[in-house]
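Please look over the model shown here, and then follow the account below, which begins at a single residue and moves outward to the fold around it.

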Amino acid sequence: MSRAQIWALVSGVGGFGALVAATTSNEWKVTTRASSVITATWVYQGLWMNCAGNALGSFHCRPHFTIFKVAENLANDRPCKLPSLCMRKINKLWLLFMLEKGYIQACRGLMIAAVSLGFFGSIFALFGMKCTKVGGSDKAKAKIACLAGIVFILSGLCSMTGCSLYANKITTEFFDPLFVEQKYELGAALFIGWAGASLCIIGGVIFCFSISDNNKTPRYTYNGATSVMSSRTKYHGGEDFKTTNPSKQFDKNAYV
């Protein structure tokens, strides 16, 4: 069963690496080129930055605007004479910002949670595997391996939820006929995130099932001494049975 745990560790660590790559990538969504006349330039966005590139290989990235940055720009562009009017504009802007960009904050939290859980799951898996000499007794190792499997499954579910939420927003805007702004397509980071989530879930399930297989392994007891004594008893019993009537075995007819 240690071989299955090795495959589970490889799957979990590979999924964790894919989650890190997807979280730090800026290609969560890219501009669609189907309805664009100029295809030499494109825009792609991630969880942290907006980037624009062209066919010559140059690109420029800037971080996402936050509610504080937007409020600062609004105050600098149009200074308010009344403080109450400024606060009303800022509150309205905050509400619009959360309705428009709130899903990015949710995806950030889910992906950070997935990466953190994947890291701790990898550490627990190293301590809970049979082929390692750390982690204590076999019973303690089984508990740690089961905990690693649960953590890997939670990591995969967080990543799957975050990527699916972001993809749902992209597809909703793409097929909405009333949406007049720039439309985007699914980026490569989403597929990397889905693949990493699948690997984490598979590794976690293998870890959990390896514990159930360990509980079903039969325990063998050594009964060699009992079997030898029983054979000796049978052998001596047979000798006694055969030597009860020696006159019948060695009579005078045996020598004729």
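In this predicted model, A125 is a residue of helix α3. Is A125 buried or exposed? With a relative accessible area of 0%, A125 falls under the 20% cut-off and is therefore buried. Although A125 and A8 stand 117 residues apart along the chain, their C-alpha atoms are separated by 8.8 Å.

A8 leads to helix α1, where A8 is among the buried residues, together with Q5, L9, S11, G12, G15, F16, A18, L19, A22 and T23. An α-helix has 3.6 residues a turn, so residues three or four places apart point the same way. The length of α1 can also be checked, since its 23 residues, at 1.5 Å a residue, should span 33 Å, and its end C-alpha atoms are indeed 33 Å apart.

The wider setting is a protein of 7 helices and 5 strands, which follow one another along the sequence in the pattern α-β-β-β-β-α-α-α-β-α-α-α. Of the 256 residues in the protein, 30% are buried. The largest nonpolar core comprises 30 residues, among which W28, M111, Y166, L190 and F207 touch the most other members. Helices α1 (2–24), α3, α4 and α5 (188–215) each supply at least two residues of this core, and the greatest contribution, 9 residues, is that of α4.

On the surface, by contrast, F119, F120, I123, L126, F127 and V134 make a nonpolar patch of about 520 Å². One of these residues, V134, is found in the loop that runs between α3 (83–128) and α4 (138–174). Why does V134 count as partly exposed? Its relative accessible area is 41%, and V134 is classed as partly exposed because this value lies between the limits of 20% for buried and 50% for exposed residues.

A strand pair completes the picture. Strands β3 (residues 49–54) and β4 are paired in the antiparallel sense over 5 bridges, and one of the residues involved is M49, whose bridge partner in β4 is P63. The two strands, β3 and β4, form a hairpin with 4 residues between them, and in the turn G57 has a positive phi of about 100°. How many of the 5 residues of β4 (residues 59–63) are buried? The number is 0, so strand β4 lies largely in the open, whereas A125, the residue from which this account set out, is buried.

How values were computed: Residues are numbered from 1 along each chain as its sequence is written. This is a predicted model: local features need pLDDT of at least 70, side-chain atom pairs count only at pLDDT 80 or more; totals for chains, interfaces and linings use all residues. Side-chain values use heavy atoms; hydrogens and water are left out. Patches are made of residues with over 30% relative accessible area and no salt bridge: like charges are joined within 9 Å, nonpolar side chains (Val, Leu, Ile, Met, Phe, Trp, Tyr) within 5 Å. Accessible areas come from the Shrake-Rupley method with a 1.4 Å probe; for residues, only the protein chains shown count as cover. A salt bridge is a side-chain nitrogen of Lys or Arg within 4 Å of a carboxyl oxygen of Asp or Glu. Buried means under 20% relative accessible area, exposed over 50%, partly exposed in between (1.4 Å probe, protein chains only). A nonpolar core is a set of buried Ala, Val, Leu, Ile, Met, Phe, Trp, Tyr and Cys residues joined through side-chain atoms within 4.5 Å. The expected span of a helix is 1.5 Å times one less than its number of residues. Two strands pair if DSSP finds at least two bridges between them.
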